[in-house]
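Here are a few short exercises to work through with the model open beside you. Try each task before reading its solution.

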Amino acid sequence: MTAVSIEKLATVEKSPGYWAGVARRFSRDPVAMIALVVVVGLILMAIFAPLVAPSDPYRTSMLRRLRPIGTEGFPLGADELGRDMLSRLIYGARLSLLMGVTPVVIAFFIGSAIGITAGYVGGRLNTALMRTIDVFFAFPSVLLAIALSGALGAGIFNGLLSLTVVFIPPIARIAESVTTAVRRIEYVEAARASGASAFTIVRVHVLGNVIGPIFVYATGLISVSLILASGLSFLGLGVKPPEPEWGLMLNTLRNAIYVQPWVAALPGLMIFITSISFNLLSDGLRSAMDIKA
Amino acid sequence: MSTPLVDINNLHVRFHGQRTVHAVNGVNLTLAPGETLGVLGESGSGKSVTLKTLLRLLPENRTQIAGDVRVSGVDVMALSGKALANHRGGVVSMIFQDPMLALDPVYTIGEQISEGVMRHEGASSREAYARALEMLTRVRIPSPERRLKAYPHEMSGGMRQRAMIALALACKPKLLLADEPTTALDATVQIQILLLLRELQRELGMGMIFVTHDIGVAVEVSDRVAVMYAGQVVETGSVRDILRSPQHPYTRGLLAANLHGAQKGQRLQAIPGAPPPLDTAPVTCSFAPRCPVKAAGCDAGPPPNVTLAPGREVRCIHALGEAQGSAAN
C-alpha cells in the first residue's frame, strides 16, 4: 500500500497551518490592522523611549509650569512641575503598558491552566476549583484590586500582583466553560478512539480549540487592566511619583484642569487610545480566528 | 472457525449517576474475521454502548462493566496504558455518526489522519502524509492532494464522512466499528458511503460492526444482523433469515413498520407502547408489555435464549416450540 509514494508527496507540501490562515484573514481587516499598527507603535515607543523623547522626563523647571500645548521646546506643554509632557507621555508608555499587559499575560497562563484542568477533569475537581473562583467574583474587580494593593502596600510589584489576581478568575471561568463544551464534542472521543493519551488530547485537541477564544478574551482584558492600573496609580496605590505613568499623571494634573485643561487631558487621551486599540485588536483576532466565517 | 475476531460474552453495562441506567443486560455477540455484523435497534437499546465497550470509550468512573469482551482473543477489559492506546485505532477503529463533530475543526484533514499514523506506526510526518494522501485516494475523495490541506468545514457532509473513514482506516485496523455513519447524511450520499464501506471492508479484509436503526441500511452492508432491544440481543441470524423468517415478535414488528410496503391512505404499522425504562435490570422479557403474542410464561422469568441453528439465536419463549419443532422434523 505504501507504494503510492513518497515521490507524489513532493507536490504536497505540509499544510500552511492554522495560524497562517489567521494571519491572512487578520491582514485583510483594515480596522484591526490600524489597531495593530497603533499597538506596535506604542510598544516600540515604550522600548525606545530614551531615543524618541526630546528631553528628560524628570527635569523640573519652576519657571515653565503648566505651559500650553505648542510652547517653544514643549510641543505638548509642561506639567505642574514644568516637566516636558511629550517626554513624560512617551516614558509613561513603559510603565502603563507594563502594568496593562503583564497582569493579563500572567493571568492568561494561570487562569487557562486552572480553567482547562477544571473543564477537562470535570466532577469534584471542577466544583472545587470553580467555586473557589466564584468567591473572587463576589468582589467588584476595581474594589478587589484596590483592596489587595492597599493591603500589600503601594508599589509597582504589588500593583501587578493584585491586578493578576483580579484577572485570573474571569479567564479561568472562560477557559472552563469553553473546555467543558469542547470536551463533550465528538472529536475528543474520536481522538480517544484512535488511541490518543489524555495528555495528547488536552495538548492537541482541547488546547487547539480552546486557546483561541481564551486568547481573544484576554486581549480584551488588556484595556481593562490598563485602566485599572491607571486607576490604582491615580489613587496612589500603584506607581509612585515622580515616575511617569499615565494614571499617575492624570492624578497629579487634575488640579491643573482649570488652568491647562488640554494638557491635563493628555494622559487620559493616551489611556483611551491604547485601550481602544487593544479592544479593536481583540475584535479583529476574534473574527480572524473563526475559521468557519 | 478459528478464534473469532470479536467475542462478547454476557456483557452487562451499568451507568451510575443521579439514577442508575442498566444500558446493556447480558449481550452475547461474535464476529468472524472479515465478517460484517449489523446491529439493529432503536435509540437507547444499547447498541452504541456495546460498540463503545469494544474500545473502552465509556467513562470509567461512572460505568460498571461486567462480562467478557475479547478482540482476536485479547481481553479488552484488561488492557491498560500502551496496550490500550495500541488497541484503540491500531486494532479497532471507529467511525462516528456526525463527521462535522468527529473531526477537529482547527486541524486540516491531512494533519488529523497523519496524527494517528505517526502515533501508531512511529512514521515520520512525510510518511504519514503520504499515507493520508493514499487513504483519501482510497475513499475516492476528488483531488485528494488539495483536500489534504482542507479544514473539515470546507468540505461537504459526504466528503467529511469519507475523510472520517480514511482517518479510521489509516492504521489498517482489524475491526471497524461504525456508529450510524450515514444517519447525518442525505439519502443519495448515504448509499454511496454504504457501498464504499462495504467495498473497503472486503478489500482490507476487516471485520465490521455496523450500528444502525435503519433496517434498509443494515441489510445493505451486513452479512449477519443482531437485533437489540432494551440492552439485550433479542435475535441474531443472517440477513436472509432475519428478513425471511423473523422469529422474535420485536423483529417482526420492526419489519412490519417498514415504510416500503405501506399503502397510501393507510396508517403506518407501528409497535404499540414504548421501550421500558432501564432503571432496574430486567428480570422478565423486556418486550412482554408490548408483545402482541404475549403468553402466560412471559412474566415468569427471563426468556430463554434459543439456538435454532448455528449463528441463529432468538430470545423468546415462543421460539422454544419452534426449536423443538424443527428438531423433530
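**Exercise 1.** How many bridges join strand β7 of chain B to β8(B), and do the strands run parallel or antiparallel?

*Solution.* Keep in mind that this is a predicted model. Start with β7(B), residues 175-179: five bridges join this strand to β8(B), and the two run parallel. To find a point of register, look at B:Ala178, which stands opposite B:Phe210 in β8(B). Next, follow the chain between the strands: β7(B), helix α8 (residues 187-204) of chain B and β8(B) form a β-α-β unit that is right-handed.

**Exercise 2.** Find the parallel partner of β8(B) that covers residues 36-40.

*Solution.* This partner is β3(B), joined to β8(B) by five bridges. Here B:Leu37 has B:Ile209 as its bridge partner.

**Exercise 3.** Sort the residues of β8(B) by the way they point, and decide whether they are buried or exposed.

*Solution.* Begin with the principle: side chains in a regular strand alternate between the two faces of the sheet. In β8(B), B:Gly207, B:Ile209 and B:Val211 point one way, while B:Met208, B:Phe210 and B:Thr212 point the other way. Then check the cover: six of the six residues in this strand, 207-212, are buried.

**Exercise 4.** Describe the side of chain B that touches chain A.

*Solution.* First, count: chain B gives 35 residues to the contact and chain A gives 26. Second, locate the elements: those of chain B giving two or more residues are α2, β6, α3, α4 and α5. The largest share, six residues, belongs to α5(B). Third, classify: this side of chain B has 16 nonpolar, 10 polar and nine charged residues.

Key: Residues are numbered from 1 along each chain as its sequence is written. Chains are lettered from A and ligands numbered from 1 in the order in which they are written. This is a predicted model: local features need pLDDT of at least 70, side-chain atom pairs count only at pLDDT 80 or more; totals for chains, interfaces and linings use all residues. Two residues are in contact if their C-beta atoms, placed from the backbone, lie within 7 Å. Helices (H or I, at least four residues) and strands (E, at least two) are DSSP runs, numbered from the N terminus. Ala, Val, Leu, Ile, Met, Phe, Trp, Tyr, Cys and Pro count as nonpolar, Asp, Glu, Lys and Arg as charged, and the others, Gly among them, as polar. A residue is buried if 20 or more other C-beta atoms lie within 10 Å of its own, exposed if 12 or fewer, and partly exposed in between; C-beta atoms are placed from the backbone. Two strands pair if DSSP finds at least two bridges between them. A crossover is right-handed if, with the strands pointing away from the viewer, the path from the first strand over the helix to the second runs clockwise.
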